[in-house]
Amino acid sequence: MTRQVKRKPVMLISPDETLLDRGKTHGDFEKNAVISEAIKSIIHQSPTRPKHTSTMRLSLDMISGKLGRICAGDPFTEDHWRDIAGYAMLVANELYRKSQK
């Protein structure tokens, strides 16, 4: 059962409302941070890390944050999973373009 988050126009939302809304899908911010940073730490210790391009490093960091949201928040929020796929596809597309040169 996936959930699409319905949001008000940005200008009508207070910062407190935004935090409450995100807490429903992203979970507790501190728990999310601990999980995300633990995942990043493992990735940063990877033996292939020196070979990663800037886009690979950023994508892996962003994916770590999305995994943190899944683990600390609502794992049935479709956006988390789509975001992970999106960051992975950005790197895959870059690799494909480079292979065509």
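At 47% relative accessibility, Glu-37 counts as partly exposed. In this predicted model, the side chain of Glu-37 meets that of Lys-40 in a salt bridge, with 3.6 Å from N to O. Lys-40 and Glu-37 are 3 residues apart in helix α2 (residues 29–44), and are therefore separated by about one helical turn.

**Overall architecture**

The protein chain contains 4 helices and 0 strands. Read from the N terminus, its elements follow the order α-α-α-α. Of the 101 residues in the protein chain, 24% are buried. Among contacts with a separation of 6 or more, 66% are made by residues 24 or more positions apart. The protein chain exposes about 7400 Å², and carbon and sulfur atoms supply 64% of this area.

**Helix α4**

Helix α4 covers residues 78–99, a run of 22 residues. From its first C-alpha to its last, α4 reaches 31 Å, which is close to the 32 Å expected at 1.5 Å a residue. The buried residues of this helix are Glu-78, His-80, Ile-84, Val-91 and Glu-94. These buried residues of α4 pack against two other helices, α1 (15–26) and α3 (54–72).

**Salt bridges**

The structure holds 5 salt bridges. Three of these pairs, including the one in α2, are described in this report and are set out below.

| Salt bridge | N to O distance |
|---|---|
| Arg-22 and Asp-21 | 2.9 Å |
| Lys-40 and Glu-37 | 3.6 Å |
| Lys-98 and Glu-94 | 3.5 Å |

The pair Arg-22 and Asp-21 is joined through its side chains. Arg-22 has a relative accessible area of 27% and is partly exposed. Asp-21 is likewise partly exposed, with a relative accessible area of 22%.

In α4, which residue forms a salt bridge with Glu-94? The partner is Lys-98, and the closest N and O atoms of the two residues are 3.5 Å apart. Glu-94 and Lys-98 both lie in helix α4, where 4 residues, or about one turn of the helix, separate them.

Is Glu-94 buried or exposed? Glu-94 has a relative accessible area of 14%, and because buried means under 20%, this residue counts as buried. Lys-98, by contrast, is partly exposed, with a relative accessible area of 45%. The salt bridge between Glu-94 and Lys-98 thus links a buried residue to a partly exposed one. Glu-94 also belongs to the buried set of α4, the set that packs against α1 and α3.

Technical notes
Residues numbered from 1 in each chain as written. Predicted model: local features only at pLDDT ≥ 70, side-chain atom pairs only at ≥ 80, totals over all residues. Heavy atoms only, no water. Expected span 1.5 Å × (residues − 1). Buried < 20%, exposed > 50% of the residue type's maximum accessible area, 1.4 Å probe, protein only. Contact = heavy atoms within 4.5 Å. Salt bridge = Lys/Arg side-chain N within 4 Å of Asp/Glu carboxyl O. Areas by Shrake-Rupley, 256 points an atom, 1.4 Å probe, with all protein chains shown as cover.
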